[in-house]
Amino acid sequence: MESRLVIVGAGPIGSAAAHAALEDGAAASICAVVDPDPEARDALRAEFDAPGYPSVDHLPEGRPGDVAVAAFTSRADEVAGEINSLVGLHYHVVTTCEELAWPKRHIREALDGSARTGGRVIIAAGANPGFVMDRLPLAVATASRNITAISIERRVDTSTRRDQLVAKTGRGLTTEQFADGVTSGAIGHVGLEISAKLVAGGLGLPTHEVTESIEPVVDSDGVVS
């Protein structure tokens, strides 16, 4: 039986995942779109001629081989319950949630237990963490010996990216507003600490202590650029 795909999160990432899965032949069709935002949900639902639901609680049970892509948050505690519900409805789950690349123990154990009980697979996948700043550097490191330090630099022109990403970088804010955003967690990339732990773990180094700092690039007008 051909696999069908449920998109949970009708934003840019969920939409891109749907298109990529169909283009690559990873799924035969999009069988449902889930998003609490009726406008976003209806737009993606109409594009793929699939039924739309406001939450996973309204989803019908999956058929063998059906997969749900959970692409609506970077926070593990916000997606873990949804994943458990999807597994309970007999869906395999792929999630773009960055924090699930290295989840806290209680979340990892709960999801592992859910997957084993339901006989389903849960995969956390992403570009960063998951590839750019951890898997790729580790692949390069296999050609080296006696490594004492790794430095990874990533540059992104956020002016061409989606609004949510621009907001997380603090572009256009004053330094005071930027500092407030860092304190509240609204600014910053979820996943830098996780990438550091993945790299350290891959090198056989301790992962229990990681420090992170965020400093803005400020233009001549005192505005974060």
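Trainee: What share of the 225 residues in the protein chain is buried?
Mentor: The model is a predicted one, and burial here requires a relative accessible area under 20%. By that cut-off, the buried share of the 225 residues in the protein chain is 34%.

Trainee: Which pattern do the helices and strands of the protein chain follow along the sequence?
Mentor: The protein chain has eight helices and six strands, and residues 24 or more positions apart account for 64% of its contacts with a separation of 6 or more. Read along the sequence, the elements follow the pattern β-α-β-α-β-β-α-β-α-β-α-α-α-α.

Trainee: Is Glu98 buried or exposed?
Mentor: Glu98 is found in the loop between β5 (92–95) and α4 (105–118). Leaving aside residues up to four places away in sequence, Glu98 touches Thr73, Ser74, Asn128, Pro129, His189, Val190, Gly191 and Ile194. Because its relative accessibility is 15%, Glu98 counts as buried.

Trainee: Which residue does Asp42 form a salt bridge with, and how are the two placed in helix α2?
Mentor: The structure holds seven salt bridges, and in the one formed by Asp42 the closest N and O atoms are 3.8 Å apart. Asp42 and its partner are three residues apart in helix α2 (residues 38–48), so about one helical turn separates them. Asp42 is partly exposed at 35% relative accessible area, and the partner, partly exposed at 30%, is Arg45.

Trainee: In helix α4, which residue is four residues apart from Asp112 and joined to it by a salt bridge?
Mentor: Asp112 is partly exposed, with 38% relative accessibility, and the closest N and O atoms of its salt bridge lie 2.8 Å apart. Since the two residues are four residues apart in helix α4, they are separated by about one helical turn. The partner counts as exposed at 65% relative accessibility, and this residue is Arg116.

Trainee: What is the N to O distance in the salt bridge between Arg105 and Glu109?
Mentor: Both residues lie in helix α4, four residues apart, which is about one turn of the helix. Arg105 counts as exposed at 58% relative accessibility, whereas Glu109 is partly exposed at 43%. Their side chains meet in a salt bridge with an N to O distance of 2.8 Å.

Trainee: What is the area of the nonpolar surface patch that includes Ile147?
Mentor: Ile147 is placed in the loop between α5 (135–141) and α6 (163–169), and with 34% relative accessibility it counts as partly exposed. Together with Ile150, Ile152, Leu203 and Leu205, Ile147 makes a nonpolar surface patch of about 360 Å².

Terms used. Residues are numbered from 1 along each chain as its sequence is written. This is a predicted model: local features need pLDDT of at least 70, side-chain atom pairs count only at pLDDT 80 or more; totals for chains, interfaces and linings use all residues. Side-chain values use heavy atoms; hydrogens and water are left out. Buried means under 20% relative accessible area, exposed over 50%, partly exposed in between (1.4 Å probe, protein chains only). Contact means heavy atoms within 4.5 Å. Patches are made of residues with over 30% relative accessible area and no salt bridge: like charges are joined within 9 Å, nonpolar side chains (Val, Leu, Ile, Met, Phe, Trp, Tyr) within 5 Å. Accessible areas come from the Shrake-Rupley method with a 1.4 Å probe; for residues, only the protein chains shown count as cover.
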